[in-house]
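Student: Can you walk me through a structure? I'd like short answers, please.

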Amino acid sequence: MKGRFITFEGGEGCGKSTQIKLLYEYLKRKDKDIVLTKEPGGTDIGLELRRILVEGEVSKLDASAEALLFFADRRIHLVQKVWPALAQGCWVLSDRFADSTMAYQYYAYHERLSKTDLDMLYRFAVGDFKPDLTLILDLDPQIGLARSFKKAEGMAQKELRNESRALEWHQRLRQGFLQIAQAEPQRCVVLDANQSIEALHADVVRTVSERFKI
């Protein structure tokens, strides 16, 4: 792989979408070839899977079904978009990747799924491939949820399936991301998302610049 794969992770309302676009613009000014993508929904088939996963009632899918759909989306995403772009030397910025599956389907669901099973699914769908850098935007769930609901006001199509879960669920989600970061400090960097857009962007740029010497 010639390019770089950077993923953004975090709970609802942490500002991933804004920060990934700002990093895209920054890297463009550095004359990098960049692909901006997301999970789920980074491909045509992924968009269909995204609708199933993020809209509707919480109870329509259990943790196991969600995990299988996420890994199906991930495999398609890698084969059709991420790996070809990296092979061409592009930098790929993804709004979520496999850490979200572990945080949501394992930690947030209070370990209803086996971590071993999720690791097995990862090896089956992804292999040994991992992001070059993962930025985890950390935020109090109460603040994040308030942001999400405010953003959704007036929108015809609301992706609020996860937001409708209990606060305790979101608190476990936050701790899950922090545990993932603690387990892989060389890959993951935790950034404080409870600051201005500009300040957080500065932290993102500093982290990326230091990691890749740009």
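Student: Where does Asp31 lie?
Tutor: Asp31 is in the loop between α1 (16–29) and β2. Keep in mind that this is a predicted model.

Student: What is the phi of Asp31?
Tutor: Phi is positive there, about 65°, although Asp31 is not a glycine.

Student: Is Asp31 buried or exposed?
Tutor: Exposed. Its relative accessible area is 70%, and the cut-off for exposed is over 50%, so Asp31 qualifies.

Student: What about Lys213, which also isn't a glycine?
Tutor: Lys213 has a positive phi of about 55°. It is found in the segment after α8 (197–212). Lys213 is exposed, with a relative accessible area of 71%.

Student: New topic. Which residues does the cis peptide bond join?
Tutor: Glu39 and Pro40. Omega is about -10°. Pro40 sits in the loop between β2 and α2 (44–54).

Student: β2 keeps coming up. What is the strand order in the sheet?
Tutor: The order is β2-β3-β1-β4-β5. The sheet is open, has five strands and shows parallel pairing.

Student: Which strands are at the edges?
Tutor: β2 (34–38) and β5 (188–192). Each of these pairs on one side only.

Student: How much are neighbouring strands turned against each other?
Tutor: By 20° on average, with direction ignored.

Student: How many bridges do β4 and β5 share?
Tutor: Five, in the parallel sense. Strand β4 covers residues 133–138. For one bridge, take Leu135: its partner in β5 is Val189.

Student: On to the inside. How many residues are in the largest nonpolar core?
Tutor: The count is 35. Val82, Phe97, Leu118, Val126 and Phe129 touch the most other members.

Student: Which elements give two or more residues to this core?
Tutor: Those are α3 (63–87), α4 (98–108), α5 (115–125) and α7 (167–183). Of these, α3 gives the most, with eight residues.

Student: Why would nonpolar residues gather like that?
Tutor: In soluble globular proteins, nonpolar side chains tend to be buried together.

Student: Back to Val82. What does Val82 touch?
Tutor: Phe5, His77, Val92 and Phe129. That leaves out residues up to four places away in sequence.

Student: How many residues are in the other core?
Tutor: That core has 22 residues and lies apart from the largest one. Among its members are Trp91, Leu135, Leu139 and Ala193.

Student: Tell me about Leu139. Where is its place?
Tutor: In the loop between β4 and α6 (141–152). Leu139 is buried because its relative accessible area is 7%, and buried means under 20%.

Student: Which residues is Leu139 in contact with?
Tutor: Gly13, Cys14, Gly144, Arg147, Arg174, Ala193 and Asn194. Neighbours within four places in sequence are left aside.

Student: How far apart are the C-alpha atoms of Leu139 and Glu57?
Tutor: They are separated by 25 Å. Along the chain, the two residues are 82 residues apart.

Student: Now the rings. How many aromatic pairs are there?
Tutor: Nine. One of them is Phe97 with Phe129. That pair is edge-to-face, at 6.4 Å centre to centre and 85° between the planes.

Student: Why does the Phe97 and Phe129 pair tie together separate parts?
Tutor: Phe97 lies in the loop between β3 (91–95) and α4, while Phe129 lies in the loop between α5 and β4, so the pair ties together parts that are 32 residues apart in sequence.

Student: Are Phe97 and Phe129 buried or exposed?
Tutor: Phe97 counts as buried at 1% relative accessibility. Phe129 is buried too, with a relative accessible area of 15%.

Student: What about Tyr104 and Trp169?
Tutor: They form an edge-to-face pair, 5.6 Å centre to centre with 65° between the planes. Tyr104 is in helix α4 and Trp169 in helix α7, so this pair ties together parts 65 residues apart in sequence. Tyr104 counts as buried at 6% relative accessibility. Trp169 is buried, with a relative accessible area of 7%.

Student: Which residues form the aromatic cluster with Phe97?
Tutor: Phe5, Trp83 and Phe129 join Phe97 in one cluster.

Student: Last one. Where does the charged end of Arg74 sit?
Tutor: Over the ring of Phe97, 5.3 Å from its centre. Arg74 also lies over the face of Phe71, at 4.9 Å from that ring centre.

Technical notes: Residues numbered from 1 in each chain as written. Predicted model: local features only at pLDDT ≥ 70, side-chain atom pairs only at ≥ 80, totals over all residues. Heavy atoms only, no water. Pairing = 2+ DSSP bridges. Helix = DSSP H or I, 4+ residues; strand = E, 2+ residues; numbered from the N terminus. Axes fitted to C-alpha atoms, helices over the stretch in contact; angles between N-to-C directions. Core = buried A, V, L, I, M, F, W, Y, C linked by side-chain atoms within 4.5 Å. Buried < 20%, exposed > 50% of the residue type's maximum accessible area, 1.4 Å probe, protein only. Contact = heavy atoms within 4.5 Å. Phe/Tyr/Trp six-rings, centres within 6.5 Å; stacked < 30°, edge-to-face > 60°. Lys NZ or Arg CZ within 6 Å of the ring centre and 35° of its normal.
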